[in-house]
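Could you walk me through this protein in plain language? I'd like the overall picture, then a closer look at some of its parts.

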Amino acid sequence: MRKIWWKILCIVLIFYVIVMGIMGPVPHLAIINESIRNTYYHVALWLAMTTLLFASMVFSIRYLSKGRINDDDIASELAKSAIFFGILGCLTGSVWANYTWGDPWPNDPKLNGAAVGILIYLAYLLLRSSFEDEQRKARISSVYNIFAFAVFIPIIYILPRLTDSLHPGSGGNSTFGSYDFNNDIRKVFYPAIIGYILLGLWLAELRVRIKRINRVREEKLVSTSRI
């Protein structure tokens, strides 16, 4: 029970977010109206993605310092979970943008930065697939992963705030918290972030287990063929 409590919590939180995201009270605002419910999905997904990418970078640093292949396995699978959330975040954001701004992908620095960020991490996965030797793949991709995160944060969270952007908190626009991020939103938004992070960890854990099983199976096949 001690090992699965966080999985149970993940299921409860995700179910709570889905129900409250559809039926819970939200502030009624001009233009945005009921679409503010997408905060529980679009915004929360991206914050969970960033957390998972940070964790992935930490495990890449651990691999470079200790040389344990398991750390690289965890780093790569956390990055995959984060990319999955990033793609979902882009899709939910496009729906929101189409409703609010009349265009699913307007020429906005934050949107363009999001696309660049996703491409950077897709290149990380492509880089990993180009090596057969595990240790070499782990070393090179770990270095790339560290620099990718260092580039990703300015592209997504810093540069859009320095120029005009349609997103809140950029180009002189007020942030959500300054005018409509009330307690009704907080009661669902923060559990959503925690739930998505736990879901990403769960997905990564399953993938890491599969990797380890396949590695053991390959080692057994090699040892059998030598006999």
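Take the contacts between residues at least 6 apart in sequence: 73% of them join residues at least 24 apart. Keep in mind that this is a predicted model.

So what is the chain built from? The protein has six helices and zero strands, and from the N terminus on its elements read α-α-α-α-α-α. Buried residues account for 42% of the 227 residues. The protein exposes about 12,600 Å², and carbon and sulfur atoms supply 67% of that area.

Next, the record. In an unreviewed entry, UniProt lists residues 40-61, 82-99, 111-131, 143-160 and 188-208 under "transmembrane region". Here is how two of those spans look in the model.

| Span | Helix | Strand | Distance between end C-alpha atoms |
|---|---|---|---|
| Residues 40-61 | 91% | 0% | 31 Å |
| Residues 188-208 | 100% | 0% | 30 Å |

Now zoom in on helix α2, which covers residues 42-66. How far should its 25 residues span at 1.5 Å a residue? The expected value is 36 Å, and the end C-alpha atoms are 36 Å apart, so the two agree. Just after α2 comes G67, with a positive phi of about 70 degrees.

One residue to pick out in helix α2 is M49. Is M49 buried or exposed? Its relative accessible area is 1%, and buried means under 20%, so M49 counts as buried. Which residues does M49 touch, once you set aside its neighbours within four places in sequence? M49 is in contact with A82, F85, G86 and F152. M49 also lies 8.6 Å from A79 in space, C-alpha to C-alpha, although the two are 30 residues apart in sequence.

As a bit of background, an α-helix has 3.6 residues a turn, so residues three or four places apart point the same way.

Last up, the cysteines. A disulfide is a covalent bond between the sulfur atoms of two cysteines. How many disulfides are there here? With a cut-off of 2.5 Å between the sulfur atoms, the count is zero. As for burial, C10 has a relative accessible area of 2%, so it falls under the 20% cut-off and is buried. C90 has a relative accessible area of 17%, which is also under 20%, so C90 is buried.

How values were computed: Residues are numbered from 1 along each chain as its sequence is written. This is a predicted model: local features need pLDDT of at least 70, side-chain atom pairs count only at pLDDT 80 or more; totals for chains, interfaces and linings use all residues. Side-chain values use heavy atoms; hydrogens and water are left out. UniProt positions are given in the numbering used here, feature names are shortened, and annotations may be inferred rather than shown by experiment. Helices (H or I, at least four residues) and strands (E, at least two) are DSSP runs, numbered from the N terminus. The expected span of a helix is 1.5 Å times one less than its number of residues. Buried means under 20% relative accessible area, exposed over 50%, partly exposed in between (1.4 Å probe, protein chains only). Contact means heavy atoms within 4.5 Å. Accessible areas come from the Shrake-Rupley method with a 1.4 Å probe; for residues, only the protein chains shown count as cover.
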